[in-house]
Amino acid sequence: MGNRKKLISMFMLVITAFIWGTAFVAQVTGMESIGPLSFCAFRNLIAAVIMIPYTMLLNKRRCEFLEEDGTETTWKGCMIGGIVCGTVLLGGTTLQQVGLQYTTAGKAAFITSIYIVLVTIFGILRSGRISKATLFAVAMSMTGLYLISVKGGLSFERGDLIVFAGAFFWAGHILVCDKFSKCCDPLKISCIQYMVVFLLSGVLMMMYEEPTLSGVVASWPSLFYAGFFSSCIAYTFQMLSQRYVPPTTASIIMSMESIFAAFSGMIFLGETLTAREFIGCVLVFAATVTAQLNEIKRG
């Protein structure tokens with residue numbers, strides 16, 4: 001039963017990576033009419049509006065199931081976890097969205113994925129050891145991500161530093177999700193974190209931007225894709241999956257986002273995949289398979 005839950009959870013993380021990879025187009029086009037803070041605020045409002053009624057509808061059935069494992073199921077009991085996850089998620093999403101205005105998407109994707117290394121380092125510091133297979137998978141995924149994302153020299157400019165700062169928040173989000181998803185209802189934590197990001201980014205939006213109704217309407221398709229698929233579904237899948245998948249393994253699987261981003265660029269933006277990028281995709285895929293097989297082997 002344990003391996004079955006892990007397999008399902010890892011598959012859900014692959015779906016998460018697919019959604020995040022294909023959502024890149026929405027993140028870029030969404031900022032043509034509104035600012036990055038406005039984009040973050042409205043996408044999370046959409047996620048909250050959809051998820052809260054759904055969670056309340058399934059509340060009784062889910063509570064009976066979760067309480068068997070001693071999981072906290074009340075909204076009040078999940079509040080701290082949701083606030084912490086939401087605050088950390090706010091840092092990652094806003095810094096990435098702002099950074100995309102000043103750097104290339106390829107460099108941003110690679111720099112963001114440094115969270116894989118950060119999560120691995122934390123795992124070593126916390127447990128004092130980590131398997132050779134996992135370290136090999138981390139090295140392989142980072143090499144692949146570099147080949148996919150970085151086209152020229154890796155020189156750091158303003159946007160790169162902003163995205164780099166965001167990588168620490170992405171690593172932190174994986175770690176806090178790992179902590180709270182195991183003891184609290186993942187759906188309630190997701191709902192609360194969406195509301196936290198909406199409220200905090202909404203305050204920042206009013207302070208630093210001047211969103212217009214026409215701008216929001218023009219960005220509606222991008223906002224809906226990012227809000228429903230990237231936030232509502234993908235982040236919730238991440239929260240549910242991390243009950244059974246360790247942080248380092250989860251970060252490696254989610255790094256497949258770069259592969260899906262490369263292929264979605266070919267399909268929707270007419271981009272081409274070079275031999276170098278294809279090799280990078282193979283390495284990331286191999287790293288993901290290695291991490292998953294190692295996790296299944298550990299039981």
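**K188 and D185**

I looked up K188 and found that this residue counts as buried, at 0% relative accessibility. The model is a predicted one. I then checked for a charged partner and found D185, with the closest N and O atoms of the salt bridge 3.1 Å apart. I asked whether D185 is buried or exposed. D185 is buried, its relative accessible area being 0%. Side chains of opposite charge can pair when their charged atoms come close.

**K182 and D178**

I counted the salt bridges and got 2. Besides the bridge between D185 and K188, I noted one between K182 and D178. The closest N and O atoms of K182 and D178 lie 2.5 Å apart. I looked up the exposure of each partner: K182 is partly exposed, with a relative accessible area of 41%, whereas D178 is buried, at 8%.

**Q242**

I went to Q242 next, since both K182 and D178 turn up among the residues this glutamine touches. Which other residues does Q242 touch, leaving out those up to four places away in sequence? I listed I174, C177, S181, P247 and A250. Q242 sits in the loop between α12 (220-241) and α13 (247-254). I recorded Q242 as buried, because its relative accessible area is 0% and the buried class lies under 20%. For the separation from I174, I noted 68 residues along the chain and 8.2 Å between C-alpha atoms.

**K6**

I looked for K6 and found this lysine in helix α1 (residues 2-22). Its relative accessible area is 13%, so K6 falls under the 20% cut-off and is entered as buried. I then checked K6 against S241: the two are 235 residues apart along the chain, and their C-alpha atoms are separated by 7.9 Å.

**H173**

I placed H173 in helix α9 (residues 158-181). H173 is buried, with a relative accessible area of 2%. Which residues is H173 in contact with, once neighbours within four places in sequence are set aside? I wrote down C85, V88, L89, Q193, Y235 and Q238. I also checked Y115, which is 58 residues from H173 in sequence. The C-alpha to C-alpha distance between H173 and Y115 is 9.7 Å.

**I52**

I found I52 in helix α3 (residues 36-57). I entered I52 as partly exposed, at 25% relative accessibility. I52 touches C191 and M195, with residues up to four places away in sequence not counted. I checked I192 as well: I52 and I192 are 140 residues apart in sequence, and 8.6 Å apart in space from C-alpha to C-alpha.

**Helix α5**

I measured nothing by hand here and took the computed span. Helix α5 (residues 75-99) has 25 residues. From its first C-alpha to its last, α5 reaches 34 Å, close to the 36 Å expected at 1.5 Å a residue. Where is the kink in α5 centred? I found the centre on G81, with a bend of about 30°.

**Whole chain**

I closed with the totals. How many helices and strands does the protein chain have? I read off 15 helices and 0 strands. Of the 299 residues, 53% count as buried. The chain exposes about 13600 Å², and carbon and sulfur atoms supply 70% of that area. I then looked at contacts between residues at least 6 apart in sequence, and 91% of them join residues at least 24 apart.

**Confidence**

I checked pLDDT last. The protein chain averages 83, and 87% of the residues score at least 70. Among the elements of the chain, I found the lowest mean pLDDT, 68, in helix α4 (residues 59-67). The highest mean, 95, belongs to helix α10 (residues 186-208).

Definitions and conventions
Residues numbered from 1 in each chain as written. Predicted model: local features only at pLDDT ≥ 70, side-chain atom pairs only at ≥ 80, totals over all residues. Heavy atoms only, no water. Helix = DSSP H or I, 4+ residues; strand = E, 2+ residues; numbered from the N terminus. Buried < 20%, exposed > 50% of the residue type's maximum accessible area, 1.4 Å probe, protein only. Contact = heavy atoms within 4.5 Å. Areas by Shrake-Rupley, 256 points an atom, 1.4 Å probe, with all protein chains shown as cover. Salt bridge = Lys/Arg side-chain N within 4 Å of Asp/Glu carboxyl O. Expected span 1.5 Å × (residues − 1). Bend = angle between axes of the 7 residues up to and from the residue. pLDDT = per-residue confidence, 0-100.
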